[in-house]
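Me: Got a model open here and I'd like to talk through its side chains. Can you walk me through it?
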Amino acid sequence: SGERRTLLAFQPTFSFLTQFLPYFDQYARSHRLWSPQSDAIVLPIQKDEVNRIAVIPLNSEPRYLAEGDMPFWSQQ
């Protein structure tokens, strides 16, 4: 629909900022942040000084899955 909206304001983990984002063009096709259905994104978030894996659906609130630094969706 072309609608724009903010899903989440967050602080990425240090390893995501330094090891993934600078090389995004090289990783984009093999390390997927968007879900296979394109209805959610997975991100590593630093919250309360803890690195957490968050799934951010397009139509609901973020879910925190576990502690971690570098999440990706399976390509299946």
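Reply: Sure, starting on the surface: Leu 17, Leu 21 and Phe 24 form a nonpolar patch with about 240 Å² of accessible area together. Patch members have over 30% relative accessible area and no salt bridge (Lys or Arg side-chain nitrogen within 4 Å of an Asp or Glu carboxyl oxygen), with nonpolar side chains joined within 5 Å and like charges within 9 Å. Areas are Shrake-Rupley with a 1.4 Å probe, and only the protein chains shown count as cover.

Me: What kind of model is it?
Reply: It's predicted: local features need pLDDT of at least 70, side-chain atom pairs count only at pLDDT 80 or more, and totals for chains, interfaces and linings use all residues. Numbering runs from 1 along each chain as its sequence is written, and side-chain values use heavy atoms, without hydrogens and water.

Me: Where's Phe 24, and is it buried or exposed?
Reply: Phe 24 is in helix α2, residues 24-27 (DSSP runs: helices H or I, at least four residues; strands E, at least two; numbered from the N terminus). Phe 24 is partly exposed, at 38% relative accessible area; buried is under 20%, exposed over 50%, partly exposed in between.

Me: Which residues make up the largest nonpolar core?
Reply: Eight residues: Phe 16, Phe 20, Leu 33, Ile 41, Leu 43, Ile 45, Ala 54 and Ile 56. A core here is buried Ala, Val, Leu, Ile, Met, Phe, Trp, Tyr and Cys joined through side-chain atoms within 4.5 Å.

Me: Which element gives the most?
Reply: β1, with three residues.

Me: And what does Ser 35 touch?
Reply: Ala 40 and Trp 73, not counting residues up to four places away in sequence; contact means heavy atoms within 4.5 Å.

Terms used. Buried < 20%, exposed > 50% of the residue type's maximum accessible area, 1.4 Å probe, protein only.
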